Amino acid sequence: MAPTYDVVLVGARNTGPVSAVMLAHAARKVVVVEANDRLGGAVASGETTRPRYVHDLFATSLNLLFGSRFYAEFSDNQSRYGQQLRRSDLPYARGFPGGRSVGVSVGVESTLERLHQLSPRDAEGWQQLHELHERVSSTLFSVYTSPVPSDGLADLAQLVS
Ligand SMILES: Cc1cc2nc3c(=O)[nH]c(=O)nc-3n(C[C@H](O)[C@H](O)[C@H](O)COP(=O)(O)OP(=O)(O)OC[C@H]3O[C@@H](n4cnc5c(N)ncnc54)[C@H](O)[C@@H]3O)c2cc1C
């Protein structure tokens, strides 16, 4: 007899597997179907330039996943089934014509130092963005994790106005 399921989820990229884990946790029998021969969709890495240099191929910042209740609760489960997320202290860099480049690191001071060498004005802009982020981030992140529509959006609008 063909197996039966409570829920069939189409697509094993981000939303599908997250929903599957939560539904399975709630004792639902779930199957996830995926058209591609590889899971994960835009969350993928590969040695595309030189051997042993592993690049993010598509999605690069999974900070909302890292900060989510889902990740706090289920990340052990994800790694048990083969998902390995790696962090870097130097996550982004940009090359410019003429051989110049600039990288963004996790520490604000080191990023400002690098930007300052390239452009004091850009360093000042980065500092302003950082200050804005410090001011709004706790409200912003609570909006991300609230059901929609969220009263937090009104708080956020007031903070940035
Ligand atoms: C280049 C790029 C960079 C990105 N960078 C970031 C980033 O840095 N940070 C970030 O948070 N987000 C990023 N995103 C966005 C992120 O990838 C998407 O928000 C996320 O993939 C949405 O997930 P989803 O599961 O809802 O839908 P989708 O990603 O659209 O997944 C749908 C899945 O369903 C499968 N499917 C479709 N039809 C069928 C069918 N009939 N049968 C079986 N399977 C089917 C598809 O193959 C696919 O795997 C990026 C996206 C791209 C394209």
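These are my notebook entries on domains, ligand shell, a helix pair and single residues in a predicted model.

**Domains**

I started with the division of the chain. Domain 1 covers 1-87 and domain 2 covers 89-161. I took the C-alpha centres of the two domains and found them 27 Å apart. For the contact between them, I noted five residues from domain 1 and four residues from domain 2. On the side of domain 1 that touches domain 2, I sorted the residues by class and got one nonpolar, three polar and one charged.

**Ligand shell**

Which residues come nearest to the ligand? I listed G11, R13, T15, A42 and A59, out of 18 residues around the ligand. By class, I recorded eight nonpolar, eight polar and two charged residues in the shell.

**Helix 4 and helix 5**

Two packed helices are described by the angle between their axes and the distance between the axes. I looked up both for helix 4 (residues 108-118) and helix 5 (residues 120-144): the axes come within 6 Å and cross at roughly 150°. An angle over 145 degrees counts as roughly antiparallel, so I entered helix 4 as roughly antiparallel to helix 5.

I then listed the residues that meet. From helix 4 they are V108, T111, L112, L115, H116 and L118. From helix 5 they are P120, D122, A123, W126, Q127 and H130. I divided the residues of this contact by class into seven nonpolar, four polar and one charged.

I also checked S110, which is placed in helix 4. I counted 14 other C-beta atoms within 10 Å of S110, so S110 is partly exposed. I compared its position with D6, which is 104 residues away along the chain; the C-alpha atoms of S110 and D6 are separated by 51 Å.

**Positive phi**

Most residues other than glycine have a negative phi. I noted two residues with a positive value, A27 and R52.

I read phi of A27 as near 65°. A27 sits in the loop between helix 1 (15-25) and strand 2 (30-33). Is A27 buried or exposed? I entered A27 as exposed because it has 7 C-beta neighbours inside 10 Å, and 12 or fewer is the cut-off for that label.

For R52, I read phi as near 75°. R52 belongs to the loop between strand 3 (45-46) and strand 4 (55-56). R52 has 5 other C-beta atoms within 10 Å, so I put it down as exposed.

**K29**

I returned to the loop between helix 1 and strand 2, where K29 is also placed. K29 counts as exposed, because I found 11 C-beta neighbours inside 10 Å. Leaving aside neighbours within four places in sequence, I found K29 in contact with Y5 and D6. I also took the C-alpha to C-alpha distance from K29 to V7, which are 22 residues apart in sequence, and got 6.6 Å.

**G41**

Where is G41? I placed G41 in the loop between strand 2 and strand 3. I counted 17 C-beta neighbours inside 10 Å, so G41 is partly exposed. Not counting residues up to four places away in sequence, G41 touches R13 and N14. G41 and R13 are 28 residues apart in sequence, and I got 4.7 Å between their C-alpha atoms. I had already entered R13 among the residues that come nearest to the ligand.

Definitions and conventions: Residues numbered from 1 in each chain as written. Predicted model: local features only at pLDDT ≥ 70, side-chain atom pairs only at ≥ 80, totals over all residues. Domains from an automatic or database assignment. Contact = placed C-beta atoms within 7 Å. Nonpolar A, V, L, I, M, F, W, Y, C, P; charged D, E, K, R; others polar. Near = placed C-beta within 6 Å. Axes fitted to C-alpha atoms, helices over the stretch in contact; angles between N-to-C directions. Helix = DSSP H or I, 4+ residues; strand = E, 2+ residues; numbered from the N terminus. Parallel < 35°, antiparallel > 145°, perpendicular 65-115°, else oblique. Buried ≥ 20, exposed ≤ 12 C-beta atoms within 10 Å, placed from the backbone.
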